[in-house]
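Here's a quick tour of a few local details that are worth a look in this one. Have the viewer open and follow along.

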Amino acid sequence: MKNLRKYGKPPFRVAVVHGGPGAPGTVAPVARELSKSISVLEPLQTRNSLEGLIEELHDVLEENAEIPVTLVGH
C-alpha cells in the first residue's frame, strides 16, 4: 500500500493515525519516536468521509497489523 508508512518490522501492534485526508503525515514525529521501542504503522488516510476513513483504516490494519492494535492519534 502506497499510503502507509512502516516503522520497524512486523508484528505491528500500534498504528498512529492523523485523523483524515487533510493532515497526512502530521503524526510522523510521533510514529518515529514510538518506533524507538515498538514497531508502528502510520496509515496516510485519503478518503473524504468518516465512513470511508473507517473502512480504509480497517483495511490497512487487517492487511498489515497484528490485531488487537493500539491506535494513537489526534
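Keep in mind that this is a predicted model. Let's start with E56, which sits in helix α2, residues 50-64. What is the nearest side chain of opposite charge to E56, and how far away is it? That's R47, at 4.4 Å. The cut-off for a salt bridge is 4 Å, and E56, though buried, has none. The side chain of E56 does have a polar atom 3.3 Å from the backbone nitrogen of R47. Leaving aside residues up to four places away in sequence, E56 touches R47 along with Q45 and T46.

Now over to strand β2, residues 14-17. Its residues are all buried: V14 and V16 point one way, while A15 and V17 point the other way. Strand β2 runs parallel to β3 (residues 40-43), joined by two bridges, and V14 stands opposite V40 there. With β4 (residues 70-73), β2 is again parallel, this time through four bridges. On that side, V17 stands opposite G73.

Finally, have a look at two cis peptide bonds, listed here with the loop that holds the proline.

| Cis peptide bond | Omega | Place of the proline |
|---|---|---|
| P10 to P11 | about 5° | P11: loop between β1 (4-7) and β2 |
| I67 to P68 | near 5° | P68: loop between α2 and β4 |

So much for the prolines: P11 comes in the loop that leads up to the β2 strand from β1, and P68 is in the loop between the helix that carries E56 and strand β4.

Methods
Residues numbered from 1 in each chain as written. Predicted model: local features only at pLDDT ≥ 70, side-chain atom pairs only at ≥ 80, totals over all residues. Heavy atoms only, no water. Buried < 20%, exposed > 50% of the residue type's maximum accessible area, 1.4 Å probe, protein only. Lys, Arg positive; Asp, Glu negative; His and termini not counted. Polar contact = N/O pair within 3.5 Å; in protein donor to acceptor, adjacent residues only side chain to side chain. Contact = heavy atoms within 4.5 Å. Pairing = 2+ DSSP bridges.
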